[in-house]
Amino acid sequence: MKIAEVITDTVVGGAEKQVLSLVSGLAGEFEFKVYYPEQSAVAPLVRALPVESQALSLSHPEKPTLADTFLFREVFRREMPDAVHTHAGLSARIGARLSGVPLTISTRHCAYGANNPRPAVPLRGALYNAVTTLTVSTAKAATEDLRAEGVDMRRVVTVQNGVAFPGRLPYTEKSRLLSSLGFPENCFVIGGCGRLEDIKGFDILLRAGAAVAPRCPEMRFLIVGDGTKRRALETQAEAAGIAPICRFVGFLEDPAPYENLFSVNVNPSRGTETSCLVTSECMALGIPTLASDFGGNPEMVENGVNGYLFPSGNAAALADLLVLLYTNRPLLRLLSHSSMQTYRRRFSRRRMLSDYRRIFDKLAGRLPS
């Protein structure tokens, strides 16, 4: 089966990482070719895959346009894949249909929710259904958005994201990293990793951190990622007086070494979150997560089992949970053990690849529907 994987974003986010993981994991079983915007930050990572790839000059990578639709039509007419798999990318699916590609798959990586609805577009659902054979939803929250948009629920399946085990750092390497940050070895690191944009809610983490830092002298804050709000967040940390115990290390292609330093992972998202890769990676390492109750977070984090949920945007509730885990180390150890079990059972890369393998085999007619 010849599958065209289409990336239409210009940043390296969770969706792009999942495409890389999927293609590299199933490259020996299916014939993949990856298409991506020539201006995308994902370009060097795609070129390192063991499959063919092609950069495309897209007029507006993140929104459907007629120019991009016709470009994809010509590309797929020439290549004639058996299936086109997009991660958004409506232009690519329309172009695939116009070129005669028989199967089009869309994976929905985002959830919007009642507080952040997608703008109403007449006949959106009808167009979506006309150009999409199958939709893969990464969380129940994303499925509900699809339902609200008029997508045919008979053609929607759920596959939560899975990640490879990130690997543990030896004690000496952890000590070296902590020292490089100016953190003492016995500190209690509150970590967060993601794009530094409003929807990711890192301002909530800093507000909670400023509230609890005076009561928790060993607590330190470590934020991995970059984005348009980085300077504003650094300024917020300075104004709150926690800049001396807070570090911003920027975007890292592999954040796992720094995730190894976390005592607790915080996912304060207020938008788009479905099946968070960082939460899964931290679970694999036995790091409990404190997550907002937005989107797919409640499908990953269970109160008192592998972490705790707090109301999205509620810094006071997050602060209470930070103090709880800082002061109750036996509870922290119980959450740690359960986090690892949750990862093995539900959020491993092996499980995700198995789910996608079954989807592709069914579409190829190798398995009964």
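In strand E10, the bridge partner of Ile-223 is Phe-248. I begin with that pairing, colleagues, since it leads into the sheet that I wish to present. Please keep in mind throughout that this is a predicted model.

Let us follow the neighbours of strand E9. Strands E9 and E10, the latter covering residues 246-250, run parallel to each other and are joined over 4 bridges. To pass from E9 to E10, the chain goes through helix H9, residues 230-240, and this β-α-β crossover is right-handed. A further position along E10 deserves mention: Arg-247 stands opposite Leu-222.

On the other pairing of E9, we meet strand E8, residues 188-193. E8 and E9 also pair in the parallel sense, here over 6 bridges. Ile-223 appears again, as the bridge partner of Gly-192. Between the two strands comes helix H8, residues 202-212, and E8, H8 and E9 together make a right-handed β-α-β unit.

What is the order of the strands in the open sheet? The order is E10-E9-E8-E11-E12-E13, which gives 6 strands with parallel pairing. At the edges are E10 and strand E13, residues 307-310, each of which pairs on one side only. From one strand to the next, the twist averages 20°. Helix H8 packs on this sheet, where it touches E8, E9, E10, E11 and E13, and its direction makes about 170° with that of E9.

How many residues of strand E9 are buried? In this strand, residues 219-224, 6 of the 6 residues are buried. The cover extends to both faces of E9. One side carries Met-219, Phe-221 and Ile-223, while the other carries Arg-220, Leu-222 and Val-224, and all of these are buried.

I turn now to the aromatic residues. A search of the whole structure finds 7 aromatic pairs. One of them joins Phe-30 and Phe-32 in an edge-to-face arrangement, with 6.3 Å from centre to centre and 65° between the planes. Phe-30 has a relative accessibility of 4%, and so counts as buried. Phe-32, at 5% relative accessibility, counts as buried too.

A further pair is formed by Tyr-35 and Phe-76. Why is this pair classed as edge-to-face? The ring centres of Tyr-35 and Phe-76 are 5.7 Å apart and their planes stand at 90°, so the pair is edge-to-face. Because Tyr-35 lies in strand E2, residues 31-37, and Phe-76 in helix H3, residues 66-79, the pair ties together parts that are 41 residues apart in sequence. Both Tyr-35 and Phe-76 are buried.

Returning to Phe-30 and Phe-32, these residues also belong to a cluster: ring pairs link them with Tyr-356 and Phe-360.

Aromatic rings in this model also have arginine partners. Arg-93 lies over the face of Tyr-128, at 4.9 Å from the ring centre. In the same manner, Arg-329 lies over the face of Tyr-326, at 5.1 Å from the ring centre.

Tyr-128 brings us to helix H5, residues 124-131. Which residues are buried in this helix? They are Gly-125, Tyr-128, Asn-129 and Val-131. The elements that cover the buried residues of H5 include helix H4, strand E5 at 103-108, strand E6 at 134-137 and helix H6 at 140-148.

Finally, I should like to consider the backbone. Most residues other than glycine have a negative phi. Two residues call for attention against that background. Ala-88 is not a glycine, yet has a positive phi of about 95°. Ala-88 belongs to the loop between strand E4, residues 83-86, and helix H4, residues 90-99. With a relative accessibility of 47%, Ala-88 counts as partly exposed.

The second residue is Thr-272, whose phi is near 75°, again a positive value in a residue other than glycine. Where does Thr-272 lie? Thr-272 is found in the loop between strand E11, at 264-267, and helix H11, at 277-284. Is Thr-272 buried or exposed? Thr-272 has a relative accessible area of 13% and is therefore buried, since the limit for that class is under 20%.

To close, I would ask you to look once more at strand E9 in the structure above: its residues are buried on both faces, and its pairing partners are E8 and E10.

How values were computed: Residues numbered from 1 in each chain as written. Predicted model: local features only at pLDDT ≥ 70, side-chain atom pairs only at ≥ 80, totals over all residues. Heavy atoms only, no water. Phe/Tyr/Trp six-rings, centres within 6.5 Å; stacked < 30°, edge-to-face > 60°. Buried < 20%, exposed > 50% of the residue type's maximum accessible area, 1.4 Å probe, protein only. Lys NZ or Arg CZ within 6 Å of the ring centre and 35° of its normal. Pairing = 2+ DSSP bridges. Right-handed = clockwise from strand over helix to strand, strands pointing away. Axes fitted to C-alpha atoms, helices over the stretch in contact; angles between N-to-C directions. Contact = heavy atoms within 4.5 Å.
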